[in-house]
Amino acid sequence: MTERPPQRIPNRRLAALITEAGFSNAGLARRVDQLGLEHGLDLRYDKTSVTRWLRGQQPRGTTPALIAEVFTRRLGRRLSAQDLGLDACAPVYAGLEFAATPEEAVDIVSGLWRKDSGSHAELRKIAFTPAGLVVPSRDWLIGRADERVARGETAAPNGRLGADGRLAQDARVPPQGRPSVPRQRGTDRGPGQRVTSGDIAALRSVGELFRSLDHAYGGGHARQALVRYLEHEAEPMLRGTYGETVGRRLFAAAADLTRLAGWTSYDIAAHGLAQRYFVQALRLAQAAGDRAYGSYVLITMSRQAVYLGHGREAVQLARVAQQGVGSAAPPVVQALLYSVEARGHGVLGEARACGAALARAERALEAARPGDDVPYWARPFDEAQLADEFGHCHRDLQQYRAAAQHAERSLQLRSPGFVRSRLFCRVVLASARLGLGELDQACALGAEAAQQASEMRSARALEYVRDFERRLEPYRDAAAVRTYRDRVAAIG
């Protein structure tokens, strides 16, 4: 007797969502193909493919996640592969979700930390996707701080919480239904640990240490150590026991370290991974109730978009950040937000809009006063940094004389500790000198930058030097350029 193949069950959930979205089968297939192209995937689905999915066939690989993202964009709410009646997978979109709850946010970001600290080299090869910026920035803008982040059994014997949201007694019941975190070797942290102010102070101190290393030596110098610290120290804290006040501070510190993990990933050209860290830092900032820090994460994302040439997305992110914090933000924060918007306009060649944003940034910085309550992350933004932004913008707009003036001023004012930023500014100055026809000066500055870049673990530093060398190409036979090449060859 011939054995019949198993009968597939029609996918009614997918059919209902297709109807709700107003897609035809061909229209859905086309959108999945288009989304796949954003990730370098040549999928070539058609209406027949969708018909098979409706009959119960399961698409392979990352396709279920892509289909879910198509519906997420169309319907304006987050949908997973399981919501569509499809099998879960390891989706290309993993990490770009803006979690619905703090618990889900911890699950997503800790998954990133664990994969990144292991041997998952493919994670660092994931492509940046401009489309992946839309939902998180929108959800942050319209979202509110989570009503509750406290975790663990915190009810006092009389049924009320203490002033800090903690038990007065030592007896605590571990939270139920949460993923357990195994105790790590070399640490006494385990599931259900009570998080203290000292723990959070330690997280903050570690952030300052890694920030200093990043500024001086590049993101590749200690990035993996930072990610392991997040996995082995921050995750057990987030899965521990804490009240509301401590919990908000814990999420704020975790957001800061996660943004830094993204920043160092960006610096080594792991752009898709960096994008995912930034999205999760944005969600952790929302759990912390820190709207201003969320705006800082958004302009970090805007800077990455500028670097990758996505000027329109960069402008949109900066404007979302501005809208999210409003006019009550300290003048230094406003100056920072406007200057990043200007960078996006500069990449797009929009001279008038760029100039207007730079003028707003300049006025805001002039309005700053010594007694202003400025968040720690905005304090480095000063005249030197603003001059640097001016220099980059004028360079991008091919206004070389102004670019040179501002870059020189930035280098005069900028602290020596910001080694990589000074390198970038030196390359901007070299490019401006080149644009003014001052070839000898340009090559001398470029050679200094190349020497510094060789001493750092920073793909961005190397790319700045390469960009300068591409600009040198029309002058390749000049004596100054030959001398430059000899100096750079000797560095290797």
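Q334 counts as buried, since its relative accessibility is 19% and buried means under 20% relative accessible area, exposed over 50%, and partly exposed in between (1.4 Å probe, protein chains only). The model is predicted, so local features need pLDDT of at least 70 and side-chain atom pairs count only at pLDDT 80 or more, while totals for chains, interfaces and linings use all residues. Residues are numbered from 1 along each chain as its sequence is written, and side-chain values use heavy atoms, with hydrogens and water left out.

**Surroundings of Q334**

Q334 belongs to helix 13 (residues 331-348); helices (H or I, at least four residues) and strands (E, at least two) are DSSP runs, numbered from the N terminus. A polar atom of the Q334 side chain lies 2.7 Å from the backbone oxygen of A329. Apart from neighbours within four places in sequence, Q334 is in contact with S327, A329 and A364, where contact means heavy atoms within 4.5 Å.

**The chain as a whole**

The protein chain has 20 helices and zero strands. Of its 492 residues, 52% are buried. Among contacts in the protein chain with a separation of 6 or more, 72% join residues 24 or more positions apart.

**Two residues with positive phi**

A269 and Q398 are set out below.

| Residue | Phi | Loop | Relative accessibility |
|---|---|---|---|
| A269 | about 70 degrees | between helix 9 (244-267) and helix 10 (271-288) | 41%, partly exposed |
| Q398 | near 60 degrees | between helix 15 (383-396) and helix 16 (400-413) | 58%, exposed |

A269 is not a glycine, yet its phi is positive. Q398 likewise has a positive phi in a residue other than glycine.

**The cavity**

A search of the whole structure yields one cavity of 30 Å³ or more. On a 1 Å grid over the protein atoms alone, a cavity is a set of points where a 1.4 Å probe fits but cannot get out, and lining residues have an atom within 4 Å of a point. The largest cavity holds about 40 Å³ of space, a volume being the space filled by probe spheres set on the points, which are joined across faces, edges and corners. Its lining consists of F210, L213, D214, G218, G219, A222, R223 and T264. Helix 7 (residues 197-217) gives the most to this lining, with three residues. By class, the lining has three nonpolar, three polar and two charged residues; Ala, Val, Leu, Ile, Met, Phe, Trp, Tyr, Cys and Pro count as nonpolar, Asp, Glu, Lys and Arg as charged, and the others, Gly among them, as polar.

Methods
Polar contact = N/O pair within 3.5 Å; in protein donor to acceptor, adjacent residues only side chain to side chain. 1 Å grid on protein atoms, 1.4 Å probe; cavity = no way out; pocket = protein on both sides within 12 Å on 5 of 7 lines; lining within 4 Å.
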